[in-house]
Amino acid sequence: MSSVNRFDVITIFPEYLEPLKLSLIGKAVSNGLIKIGVHDLRAQTTDVHGSVDDTPYGGGAGMVMSPEPWGKAIDAAAELAPNEIHELIVLTPAGEKLTQELAQTLTKSKHLIFACGRYEGIDVRVSDFYSSAKNFKVREVSIGDYVLGGGEVATLVIMEAIVRLLPGVIGNSASLDEESHTLSNDGETLVEYPNYTKPKEWRGLEVPEILLSGNHGEIAKWRLEQALIRTSLRKESP
Ligand code: 6GU
């Protein structure tokens, strides 16, 4: 099964993506599992001010990002992974909501390009153009029902959700099978059961006896019960 090997991020604030150098993602890069490029949209502008936005046709508040620099930046990013299908992720609060399932789906695209919009978003012709361009797939993605100043933080969230699922990134891949929001065998997604480690008693709080029993069958049963209780308490109803 093929999986992502290259991510390109286009933004007017490349410094916002510095955390990609840390921890799990930073390690995946230094181990050669993935490649990441972060590109300044302003490098594709031609005027002295490096303008990336303009007033909206039809009037209204705010500014809209101009299609020209975006087209150039996306074309340049595509050339960094020749002969691949490029999945263009356009970050917008109006997009499809990120779920564990979408993160899992995105692991299967070889090349992901993240377009971080700011202001009132990107001229929609950018999405329209690449939707019908050969070798491109376009997805508008949101990370939740609230509005951020731009897509940079959303990109960090989505990339972290994807990268930890890639083969070889997490040492013990069995831990991926038992975590929250992962499909269990009966087709339901649950949040995780509660975890405990040493000491056995901490500030008067004890580890549940069952976890010390060594009875794996009973422990599994207890954990499933706990996951079901937490799921019904914490998940929003559909
Ligand atoms: Cl992807 N972008 C912005 N600007 N706001 C958001 C978002 C994205 N997802 C949730 N809110």
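This passage looks at the ligand's surroundings and at some of the salt bridges in the structure. The model is predicted, so local features need pLDDT of at least 70 and side-chain atom pairs count only at pLDDT 80 or more, while totals for chains, interfaces and linings use all residues. Residues are numbered from 1 along each chain as its sequence is written, and side-chain values use heavy atoms, with hydrogens and water left out.

The shell around the ligand (residues with a heavy atom within 4 Å of it) includes L91, S142, I143 and Y146. Its residues divide into eight nonpolar (Ala, Val, Leu, Ile, Met, Phe, Trp, Tyr, Cys and Pro), four polar (the others, Gly among them) and no charged (Asp, Glu, Lys and Arg). Strand β5 (strands are DSSP runs of E, at least two residues, numbered from the N terminus) gives the largest share, three residues.

Where does the ligand's nitrogen meet polar atoms? A backbone N or O atom of Y146 lies 2.5 Å from a nitrogen atom of the ligand, a polar backbone atom of I143 lies 2.9 Å from one, and a polar side-chain atom of S142 lies 3.3 Å from one.

Turning to charged pairs, the structure holds ten salt bridges (a side-chain nitrogen of Lys or Arg within 4 Å of a carboxyl oxygen of Asp or Glu). One of them joins D8 and R6 at 2.7 Å, N to O, and both of these residues are buried (under 20% relative accessible area, 1.4 Å probe, protein chains only). Another links E18 with K21 at 2.9 Å; here E18 is partly exposed (in between 20% and 50%) at 40%, and K21 is exposed (over 50%) at 58%.

Terms used
A polar contact is a pair of N or O atoms within 3.5 Å; within protein, one must be able to donate a hydrogen and the other to accept it, and residues adjacent in sequence count only if both atoms are side-chain atoms. Helices (H or I, at least four residues) and strands (E, at least two) are DSSP runs, numbered from the N terminus.
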